[in-house]
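Colleague: Could you pick one single part of this model and take me through it closely? I am in my first year, so please explain the terms as you go.

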Amino acid sequence: MLSLSSVHRDAIVATCIRALPNEGCGLMLGTLDGTVTEIVPSPNVADSAKLYEIDSWVLLGAYRRSDEKGLSILGVFHSHTNSEAYPSPTDTAQAPDPAWHYVVVSLRDVPSAIRSFHIIEGEIDEEEVARSPFEGEFPSA
Amino acid sequence: MTALVRIPTVLRPAMGGDTSVAVEGSTVGEILDHLTTNHPAVKGQLLNSDGTLHRFLNVYVNDDDVRYLGGVDAPVTNGDEITLLPAVAGGTL
């Protein structure tokens, strides 16, 4: 289960809307029980409406920051601008970490749909996205 | 030259579970060669068959992405910290 406060949910959707017409993306930091405490927006270095890639310095910064704060990188979010919030074959093939939460946002729907998945050896397993009280720092996005 | 190589979570099972290892080499390529000699199972995830860096691997020397330092030819000095992080990418296609 992924626990997401309304503040972090809004930060994810805002990052994705700001990236339009391209896909938006970023990382989620938090605790290993799946509670998100920080959203790290990233430029989409793929610069594409159909592909995303997290900026390599954002990735290193998130890695260092999570180490310093005793947090983990819980996973990644990205948007599908005109299709459902479900991992594509590209998402599935390039999912690097079986422990991560892969959040897909669909901007086709209003309000935006947010769904979360584990992807393990190509198998997609949807999980609940629970609403949690806000914890952590307000996003700087 | 000896550098400390930080191993990402996803590669640890294939590398004995270590979070970091000390590896000898004066370039990133030499470091990765020595690393994959000891752990051949991960070679395909780090390097292409022609010895260049895998497209979906980010390698950093301290705070610098080696793609901007010459790739596998990027120099390494004693005590440098090398971080390996799989690229995070995907998309609708």
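**One loop residue in its setting**

Modeller: Let's start with the whole chain: a compact globule of 141 residues would have a radius of gyration near 14 Å, and chain A agrees because its value is 14 Å (taken over C-alpha atoms; the rule is 2.2 Å times the number of residues to the power 0.38). This is a predicted model, where local features need pLDDT of at least 70 and side-chain atom pairs pLDDT 80 or more, while totals for chains, interfaces and linings use all residues; side-chain values use heavy atoms, without hydrogens and water. Residues are numbered from 1 along each chain as its sequence is written, and chains are lettered from A and ligands numbered from 1 in written order.

The C-alpha trace of chain A spans about 35 × 30 × 30 Å along its principal axes. Chain A holds 3 helices and 9 strands (DSSP runs, H or I of at least four residues and E of at least two, numbered from the N terminus). Their order from the N terminus is β-α-β-β-β-α-β-α-β-β-β-β.

Now for our close look: Ser48(A) lies in the loop that links strand E3 (36–42) to strand E4 (51–53) in chain A. Is Ser48(A) buried or exposed? Ser48(A) counts as buried because its relative accessibility is 16% (buried is under 20%, exposed over 50%, partly exposed in between, with a 1.4 Å probe and protein chains only). Across chain A, 52% of the 141 residues are buried.

Leaving aside residues up to four places away in sequence, Ser48(A) touches Asn22(A) and Glu23(A) (contact means heavy atoms within 4.5 Å). For chain A, 64% of the contacts with a separation of 6 or more join residues 24 or more positions apart.
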